[in-house]
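This briefing is intended for a structural biologist who has the sequence and the coordinates at hand. Please keep both in view while reading.

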Amino acid sequence: MIIEHADITVTAGREAEFEAAFLRGREVVAKSAGFRWARLVRQIESPTSYLLLIGWETLEAHTVGFRESELFPQWRGIVGEFFAVPPTIVHYESDLTPADER
């Protein structure tokens, strides 16, 4: 499994709107083949900063299957207006923590 890690900064004062839009946008992303799960967390020290984590079966499920599909513009149409700057996206391999430490 691959974990997409997106650092998102939203326009100040629009945090609640973004969080509501994310719930709608998650439904769009979830339709993509290879989607496993999604989590959005808000930073305490800087409440306009969010961490979005999405689990994908493979890297290509995100970079090709989702990003090159009709779903990606739908997703950006729902959440994109709230971005103060373009998100920074990186990918990680699945959890490498031993099972007895989880």
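The points below go from the overall fold to the sheet, the helices, the core and a few individual residues.

The model is predicted. The protein chain contains 3 helices and 4 strands, and along the sequence these elements follow the pattern β-α-β-β-α-α-β. With a radius of gyration of 14 Å, close to the 13 Å that the globule rule gives for 102 residues, the protein chain is as compact as a globular protein of that length.

**Overall dimensions and packing**

- Taken along the principal axes, the C-alpha atoms of the protein chain fill a box of roughly 40 × 35 × 20 Å.
- The accessible surface of the protein chain amounts to about 6100 Å², and 53% of that surface belongs to carbon and sulfur atoms.
- Of the 102 residues of the protein chain, 36% count as buried.
- Contacts in the protein chain between residues at least 6 apart in sequence include 71% that join residues at least 24 apart.

**The sheet**

- The 4 strands form an open sheet in the order β2-β3-β1-β4, and their pairing is antiparallel.
- The edge strands are β2, at residues 35–42, and β4, at residues 88–93; each of them pairs on one side only.
- Neighbouring strands of this sheet are turned against each other by 20 degrees on average, direction ignored.
- Strands of a sheet pair through backbone hydrogen bonds, in either a parallel or an antiparallel manner.
- Strand β1, which covers residues 2–9, is joined to β4 by 6 bridges, and the two strands run antiparallel.
- The antiparallel pair of β1 and β3 is joined by 8 bridges.
- On its two sides, E4 stands opposite H91 in β4 and opposite I54 in β3.
- The bridge partner of A6 in β4 is I89.
- Strand β1 is largely enclosed by the rest of the structure, because 6 of its 8 residues are buried.

**Helices against the sheet**

- Helix α1, at residues 15–29, lies across β1, β2 and β3, the last of these at residues 49–56. The helix α1 runs at about 175 degrees to β2.
- Helix α2, at residues 59–66, lies across β1, β3 and β4. The angle between α2 and β4 is about 145 degrees.

**The nonpolar core**

- The largest nonpolar core has 23 residues, of which I8, F18 and W75 touch the most other members.
- At least two residues of this core come from each of β1, α1, β2, β3, α2 and α3, with α3 at residues 71–79.
- Leaving out residues up to four places away in sequence, W75 touches F22, G25, R26, V28, V29, L52, F66 and G80.

**The end of α1 and the loop that leads to β2**

- V29 belongs to helix α1 and is buried, with a relative accessible area of 2%.
- Beyond its neighbours within four places in sequence, V29 is in contact with F35, I54, W56, F66 and W75.
- The C-alpha atoms of V29 and F66 are 7.6 Å apart in space, although these residues are 37 residues apart in sequence.
- K31 is found in the loop between α1 and β2. Its relative accessible area of 62% makes K31 exposed, since it is over the 50% limit.
- From K31 to F66 the C-alpha to C-alpha separation is 9.1 Å, and the two are 35 residues apart in sequence.
- S32 lies in the loop between α1 and β2. Its relative accessibility is 6%, so S32 counts as buried, under the 20% limit.
- Not counting residues up to four places away in sequence, S32 touches W56, A61, G65, F66 and L71.

**Points to retain**

- F66 is touched by W75, by V29 and by S32.
- Within the loop between α1 and β2, K31 is exposed, whereas S32 is buried.
- Strand β1 pairs with β4 and with β3, and it supplies at least two residues of the largest nonpolar core.

Key. Residues are numbered from 1 along each chain as its sequence is written. This is a predicted model: local features need pLDDT of at least 70, side-chain atom pairs count only at pLDDT 80 or more; totals for chains, interfaces and linings use all residues. Side-chain values use heavy atoms; hydrogens and water are left out. Two strands pair if DSSP finds at least two bridges between them. Axes are lines fitted to C-alpha atoms, for helices over the stretch in contact, and angles run from 0 to 180 degrees between N-to-C directions. Contact means heavy atoms within 4.5 Å. The radius of gyration is taken over C-alpha atoms; the globule rule is 2.2 Å times the number of residues to the power 0.38. Buried means under 20% relative accessible area, exposed over 50%, partly exposed in between (1.4 Å probe, protein chains only). Accessible areas come from the Shrake-Rupley method with a 1.4 Å probe; for residues, only the protein chains shown count as cover. A nonpolar core is a set of buried Ala, Val, Leu, Ile, Met, Phe, Trp, Tyr and Cys residues joined through side-chain atoms within 4.5 Å.
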